Amino acid sequence: MKTSHIYIKNMVCERCIMVVRQGLENLGFQIACIHLGEAVIIGELNDERISLIQ
């Protein structure tokens, strides 16, 4: 299983984790785990998927 890491600035609390998780799931991403400052997504990130996140 290939995973991709996204590093996220300014995540400071559990609510940030919840909001990031919800946003990524709404965009159709499968999430392996989320920690403060980092999300691990199942699958590879191509240019199209990166632009969705941005």
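**View 1. The protein chain runs β-α-β-β-α from start to finish.** This is a predicted model, and its protein chain holds two helices and three strands. The C-alpha trace spans about 30 × 20 × 20 Å along its principal axes. What radius of gyration would a compact globule of 54 residues have, and what does the protein chain have? The globule would come in near 10 Å and the protein chain has 10 Å, so the two agree. As for how the chain meets itself, take the contacts with a separation of 6 or more: 52% of them are between residues 24 or more positions apart.

**View 2. Here's the largest nonpolar core, built from 11 residues.** Its members are I6, M11, C16, I17, V20, L24, F29, I31, I34, A39 and I41. Three elements, α1, β2 (30-35) and β3 (38-42), each give two or more residues to this core. Which element puts in the largest share? That's α1, with four residues. For the protein chain as a whole, 28% of the 54 residues count as buried.

**View 3. Zooming in on I17 shows who its partners are.** Leave aside residues up to four places away in sequence, and I17 touches M11, I34, H35 and L36. Two of these names, M11 and I34, also turn up with I17 on the list for the largest nonpolar core.

**View 4. M18 sits in helix α1, which covers residues 14-26.** Is M18 buried, partly exposed or exposed? Its relative accessibility is 43%; buried needs under 20% and exposed needs over 50%, so M18 counts as partly exposed. For a sense of distance, look across to A32: that residue is 14 residues from M18 along the chain, and their C-alpha atoms are separated by 14 Å.

**View 5. N10 belongs to the loop between β1 (3-7) and α1.** With 71% relative accessibility, N10 counts as exposed, because the cut-off for that label is over 50%. How far apart in space are N10 and G28? Going C-alpha to C-alpha, they are 23 Å apart, with their positions 18 residues apart in sequence.

**View 6. The last view is about surface and charge.** The protein chain has an accessible surface of about 4,000 Å², and carbon and sulfur atoms account for 50% of that. On the charge side, there are 5 positive and 6 negative side chains. If you mark the centre of each set, the two centres lie 5 Å apart.

Conventions. Residues are numbered from 1 along each chain as its sequence is written. This is a predicted model: local features need pLDDT of at least 70, side-chain atom pairs count only at pLDDT 80 or more; totals for chains, interfaces and linings use all residues. Side-chain values use heavy atoms; hydrogens and water are left out. The radius of gyration is taken over C-alpha atoms; the globule rule is 2.2 Å times the number of residues to the power 0.38. Buried means under 20% relative accessible area, exposed over 50%, partly exposed in between (1.4 Å probe, protein chains only). Contact means heavy atoms within 4.5 Å. Accessible areas come from the Shrake-Rupley method with a 1.4 Å probe; for residues, only the protein chains shown count as cover. Lys and Arg count as positive and Asp and Glu as negative; His and the chain ends are not counted. The place of a charge is taken as NZ of Lys, CZ of Arg, CG of Asp or CD of Glu. A nonpolar core is a set of buried Ala, Val, Leu, Ile, Met, Phe, Trp, Tyr and Cys residues joined through side-chain atoms within 4.5 Å.
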